[in-house]
Amino acid sequence: MTEKELTNRKFYPAGEEARFAEGVPERTPQTAHPAYKLAFRDTEFLLREELRPVRFQLELLKPEMLLDEARIGSTLVMYGSARIPSPAQAEARIEAAKNGSEHDQKVAQRLFEKAKYYDEAYKLARLVSEKAIIEDGKRQFIVTTGGGPSIMEAGNRGASDAGSESIGLNIVLPHEQAPNPYVTPYLSFQFHYFALRKLHFLLRARAVAVFPGGFGTFDEFFELLTLIQTGKMKPIPIILFGKNFWTRVIDFDALAEEGTISKADLDLFQWCETAEDAWNCIADFYELPRD
């Protein structure tokens with residue numbers, strides 16, 4: 001492309017301008033001062049309190065642009081505990097708790113009872129990933145988790161074993177946290193803001209599987225219910241694994257009886273125990289083949 005062509009851009013791309021700036025031959029008090037840095041290369045400036053709106057925009061744009069480039073049309077989101085172990089780990093925990101307190105033994109037993117959901121999360125992710133559904137040239141129902149251990153790991157692992165890519169939406173926390181090894185590296189994202197992370201969970205979600213979990217799972221699950229209940233989001237299949245767990249920790253019927261939710265709101269989600277049943281719920285909702 002020559003300089004005389006009308007379609008040739010006349011301004012240098014930002015990356016090239018940044019290289020020009022780095023190549024300044026003379027270092028002076030002026031060029032050495034932080035004020036002279038290009039604003040978009042100045043990390044300290046970007047981290048200032050006043051730049052929070054810009055950081056919000058960056059956390060919205062970066063995953064959105066990369067997911068578009070990856071031709072990902074929709075996702076199957078999997079919420080669940082970061083503490084529920086695999087069955088093998090659960091057995092080891094029971095053994096380790098034998099000499100512990102009564103509380104420790106009780107917790108180990110409870111986690112052992114829920115370890116089956118690690119397997120079901122794995123099976124669901126693998127089952128959906130093996131279907132490799134493509135529509136409008138984009139991949140559909142790509143498994144998406146919080147990128148962490150336990151139920152999240154099971155989801156990413158199931159997709160990986162099916163030969164499929166999967167997404168991990170990790171969050172910066174005060175304690176060390178790293179993505180599980182089954183997340184596809186170029187689809188592994190890290191967030192500073194919980195709000196933007198939760199937004200990206202749902203922007204492409206066409207189904208959500210919710211496994212037993214703690215505060216984080218409750219937060220994600222109830223926000224999803226609220227969005228659909230209030231009409232801010234169109235209905236999608238919400239599949240709740242572990243009826244014994246959920247009805248023990250939350251009395252959904254009591255909420256309806258107290259009048260704080262409508263009885264019809266209890267139809268916003270469906271109970272499920274197996275990966276096959278979960279896929280059948282999704283397939284029926286979207287009129288897809290079950291097999």
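## Surface patches and salt bridges in a predicted model

L60, L199 and L203 together make a nonpolar surface patch of about 220 Å². One of these residues, L60, sits in helix α4 and is partly exposed, with a relative accessibility of 33%. Please keep in mind as you read on that this is a predicted model.

The surface also carries a charged patch. D251, D253, E257 and E258 form a negative one. Within this group, D253 belongs to helix α12, which covers residues 252–257. The relative accessibility of D253 is 47%, so this residue counts as partly exposed.

**The protein as a whole**

Let us step back for the general picture. The protein contains 13 helices and 9 strands, and its C-alpha trace spans about 70 × 50 × 45 Å along the principal axes. Of its 291 residues, 40% are buried. Among contacts with a separation of 6 or more, 67% link residues 24 or more positions apart. About 17,600 Å² of the protein is exposed, and carbon and sulfur atoms supply 54% of that area.

How do the charges add to this picture? There are 35 positive and 43 negative side chains, and the centres of these two sets lie 3 Å apart.

**Salt bridges**

How many salt bridges does the count come to? The total is 13, with nitrogen and oxygen required to be within 4 Å of each other. Three of the pairs are set out here, each with its N to O distance.

| Positive residue | Negative residue | N to O distance |
|---|---|---|
| K123 | E120 | 3.5 Å |
| R197 | E220 | 3.7 Å |
| R290 | D284 | 2.7 Å |

The K123 and E120 pair stays inside one element: both residues lie in helix α7 (residues 116–131), and they are 3 residues apart, about one turn of the helix. Their surroundings can be read from the accessibilities. K123 is partly exposed, with a relative accessible area of 39%. E120, in contrast, has a relative accessibility of 11% and counts as buried, because buried means under 20%.

Which helices does the salt bridge between E220 and R197 bring together? Here E220 lies in helix α10 and R197 in helix α9 (residues 194–203), so the pair ties together parts that are 23 residues apart in sequence. Both E220 and R197 are buried. Helix α10 itself runs over residues 215–229, and the relative accessibility of E220 is 11%. Beyond its neighbours within four places in sequence, E220 is in contact with Y79, R197, K198 and F201, so its salt-bridge partner R197 appears in this contact list as well.

For R290 and D284, the side chains meet at 2.7 Å, N to O. R290 is partly exposed at 43% relative accessibility, and D284 is also partly exposed, with a relative accessible area of 43%. Elsewhere, E64, D68 and R204 are joined into one network by salt bridges that share partners.

**A loop residue with distant contacts**

Finally, take a look at R71. Where is R71 placed? It is in the loop between α4 (52–69) and β1 (75–79). With a relative accessible area of 40%, R71 is partly exposed. Not counting residues up to four places away in sequence, R71 touches D136, G137, K138 and R139. For R139 in that list, the C-alpha atom is separated from the C-alpha atom of R71 by 6.2 Å, although the two residues are 68 residues apart along the chain.

How values were computed:
Residues are numbered from 1 along each chain as its sequence is written. This is a predicted model: local features need pLDDT of at least 70, side-chain atom pairs count only at pLDDT 80 or more; totals for chains, interfaces and linings use all residues. Side-chain values use heavy atoms; hydrogens and water are left out. Patches are made of residues with over 30% relative accessible area and no salt bridge: like charges are joined within 9 Å, nonpolar side chains (Val, Leu, Ile, Met, Phe, Trp, Tyr) within 5 Å. Accessible areas come from the Shrake-Rupley method with a 1.4 Å probe; for residues, only the protein chains shown count as cover. Lys and Arg count as positive and Asp and Glu as negative; His and the chain ends are not counted. The place of a charge is taken as NZ of Lys, CZ of Arg, CG of Asp or CD of Glu. Helices (H or I, at least four residues) and strands (E, at least two) are DSSP runs, numbered from the N terminus. Buried means under 20% relative accessible area, exposed over 50%, partly exposed in between (1.4 Å probe, protein chains only). Contact means heavy atoms within 4.5 Å.
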